[in-house]
Amino acid sequence: MSVMTTDLWEHRPGSHPAADLTLVGYEVRATDGPVGRVEQDTGDHLLVDAEPWVPGTRVLVPTGLVARLDHLDRTVHLDCPRARLSSAPPAAVDLTTPHPR
């Protein structure tokens, strides 16, 4: 049995829209429920206001966790449960600096 790993900071083919389309305002849903709404889209990650999930919390969601985008419903669907987001970097990082690879 082979194990396939994906770098969470890399785009999956077709997982992110064209550069001129922002995901700000889109709802973010994990496999086990809502996470929150996108506050900022840097291309490498999404800064999400996770108020519905954990009041007063903002989380960084690497684009590698995006399974699909629904532009009609303005929803970002992740391929992981919400608990997986707890391993993301703290939301206090400088959002203008690219993530080191």
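**Strand pairing and the nonpolar core**

In the predicted model, Leu60 of strand β4 is the bridge partner of Leu47. A second pair in this region places Leu46 opposite Val61 of β4. Strands β3 (residues 45–49) and β4 run antiparallel and are joined by five bridges.

Strand β4 spans residues 58–62. Four of its five residues are buried, so the strand is largely enclosed by the rest of the structure. Strand β3 is likewise mostly covered, with four of five residues buried.

On its other pairing, β3 meets β2. These two strands are antiparallel and share four bridges. Val38 lies opposite Val48 of β3. A hairpin links β2 and β3, with three residues between the strands. Gly43 sits in this turn and has a positive phi of about 95°.

The pairings above belong to an open sheet of six strands. The strand order is β4-β3-β2-β1-β6-β5, and the pairing is mixed. The edges are occupied by β4 and β5 (66–70). Each edge strand has a single partner, so one side of each is left without a neighbour in the sheet. On average, neighbouring strands of the sheet are turned by 35° against each other, direction ignored. In a regular strand, side chains alternate between the two faces of the sheet.

The largest nonpolar core holds 18 residues. Within this core, Val35, Val61, Val76 and Leu78 touch the most other members. Strands β1 (27–30), β2 (33–41), β3, β4, β5 and β6 (75–78) each contribute at least two residues to the core. Nonpolar side chains tend to be buried together in soluble globular proteins.

Leu78 illustrates the contacts of one core residue. Neighbours within four places in sequence are set aside here. The remaining contacts of Leu78 include Val28, Arg29, Ala30 and Thr31. Val35 and Val61 are also in contact with Leu78. Further contacts of Leu78 are Leu65, Val66, Ala67 and Leu85. Val61 thus appears in several settings: opposite Leu46, among the core residues that touch the most other members, and in contact with Leu78.

Terms used:
Residues are numbered from 1 along each chain as its sequence is written. This is a predicted model: local features need pLDDT of at least 70, side-chain atom pairs count only at pLDDT 80 or more; totals for chains, interfaces and linings use all residues. Side-chain values use heavy atoms; hydrogens and water are left out. Buried means under 20% relative accessible area, exposed over 50%, partly exposed in between (1.4 Å probe, protein chains only). Two strands pair if DSSP finds at least two bridges between them. Axes are lines fitted to C-alpha atoms, for helices over the stretch in contact, and angles run from 0 to 180 degrees between N-to-C directions. A nonpolar core is a set of buried Ala, Val, Leu, Ile, Met, Phe, Trp, Tyr and Cys residues joined through side-chain atoms within 4.5 Å. Contact means heavy atoms within 4.5 Å.
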